Amino acid sequence: GLMFRKDLPKDRGMLFVFAETRQVSFWMQNTPLPLDLVFIGDDGVVIDTLQGEPFSTASIGPGAPSRFVLELHSGTADDFGMVSGTRLHHPIIDAVADQ
């Protein structure tokens with residue numbers, strides 16, 4: 001993930017791609033940046049966007065199965081309108097969603 005990073009441009013992030021749709025959760029231990037965690041289904045639709053608190057060991061997850069998680073600088077998801085029900089496009093997400 002983005003552990004130990006002290007800077008992240010607003011136009012960058014990290015996409016986690018899981019081999020199958022399943023329950024996933026993250027934590028923020030060793031992560032000094034506040035993050036948006038965007039949980040995405042195999043259809044490319046946002047399930048939920050949750051906030052990651054720096055250095056927290058609390059489990060962060062939507063309680064619903066996800067295929068992808070996009071980590072972004074805090075506030076970026078709102079800036080781009082990524083809310084539950086939004087369909088996201090990325091070559092990897094589209095390849096899975098179009099199967």
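# Chatting through the strands and cores

Reader: Hi! How many bridges join β2 to β3?

Author: Six bridges join β2 to β3, the strand of residues 46-52, and the two run antiparallel. One thing to keep in mind as we chat: this is a predicted model.

Reader: Noted, thanks. What sits between β2 and β3?

Author: The two strands form a hairpin, with five residues between them. In that turn, G44 has a positive phi of about 85°.

Reader: And which residues in β3 face L37 and L35?

Author: L37 stands opposite L50 in β3, and L35 stands opposite G52.

Reader: Does β2 have company on the other side too? I mean, how many bridges link β2 and β4?

Author: β2 and β4, which covers residues 66-73, pair over six bridges, in the antiparallel sense. In β4, E71 is the bridge partner of L37, while F68 is the partner of I40.

Reader: So what's the strand order in the whole sheet?

Author: The sheet is open and has four strands, in the order β1-β4-β2-β3 with antiparallel pairing. β1 and β3 each have a single partner strand and stand at the edges, so one side of each has no neighbour in the sheet. From one strand to the next, the twist averages 20°.

Reader: How does β1 connect to β4?

Author: Those two pair in the antiparallel sense over six bridges. One of the opposing pairs there is L15 with L70 in β4.

Reader: Nice. Is β2 mostly covered or mostly open?

Author: Mostly covered: six of the six residues in β2, which runs over 35-40, are buried. That goes for both faces, with L35, L37 and F39 on one side and D36, V38 and I40 on the other.

Reader: What about β4, how many of its residues are buried?

Author: Eight of the eight residues of β4 are buried, so that strand is largely enclosed by the rest of the structure.

Reader: Let's talk cores. Which residues have the most contacts inside the largest nonpolar core?

Author: That core has 13 residues, and those with the most contacts inside it are F18, V24, F26, L35, L37, F39 and V69. The elements giving two or more residues to this core are β1, at 13-22, and β2. β2 supplies the largest share, three residues.

Reader: Why would greasy side chains gather like that?

Author: As a general rule, nonpolar side chains in soluble globular proteins tend to be buried together.

Reader: Zooming in on V24, what does it touch?

Author: Leaving aside residues up to four places away in sequence, V24 touches F18, F39, I60, G61, P62, S66 and V69. Apart from the largest core there is another one, of eleven residues, which includes V38, M82, L88 and V96.

Reader: Stepping back, how many helices and strands are there in the protein chain?

Author: The protein chain has two helices and four strands. Along the sequence, they follow the pattern β-β-β-β-α-α. The radius of gyration of the protein chain is 13 Å, close to the 13 Å that the globule rule gives for 99 residues, so the chain is as compact as a globular protein of that length.

Reader: And what does the C-alpha trace span along its principal axes?

Author: About 35 × 25 × 20 Å.

Reader: What fraction of the chain is buried, and what does the surface come to?

Author: Buried residues make up 36% of the 99 residues. The accessible surface of the protein chain comes to about 5500 Å², with 53% of that belonging to carbon and sulfur atoms.

Reader: How about contacts between residues far apart in sequence, what share do they take?

Author: Counting contacts between residues at least 6 apart in sequence, 70% join residues at least 24 apart.

Reader: Last topic, backbone oddities! Which residues other than glycine have a positive phi?

Author: F4 is one of them, with a phi of about 70°. Another is N30, with phi near 65°.

Reader: Where do F4 and N30 sit?

Author: F4 is in the segment before β1, and N30 is in the loop between β1 and β2.

Reader: Are they buried or exposed?

Author: F4 is exposed, with a relative accessible area of 58%. N30 counts as partly exposed, at 30% relative accessibility.

Reader: Great, cheers!

Definitions and conventions. Residues numbered from 1 in each chain as written. Predicted model: local features only at pLDDT ≥ 70, side-chain atom pairs only at ≥ 80, totals over all residues. Heavy atoms only, no water. Buried < 20%, exposed > 50% of the residue type's maximum accessible area, 1.4 Å probe, protein only. Pairing = 2+ DSSP bridges. Core = buried A, V, L, I, M, F, W, Y, C linked by side-chain atoms within 4.5 Å. Contact = heavy atoms within 4.5 Å. Rg over C-alpha atoms; globule rule 2.2 N^0.38 Å. Areas by Shrake-Rupley, 256 points an atom, 1.4 Å probe, with all protein chains shown as cover. Axes fitted to C-alpha atoms, helices over the stretch in contact; angles between N-to-C directions.
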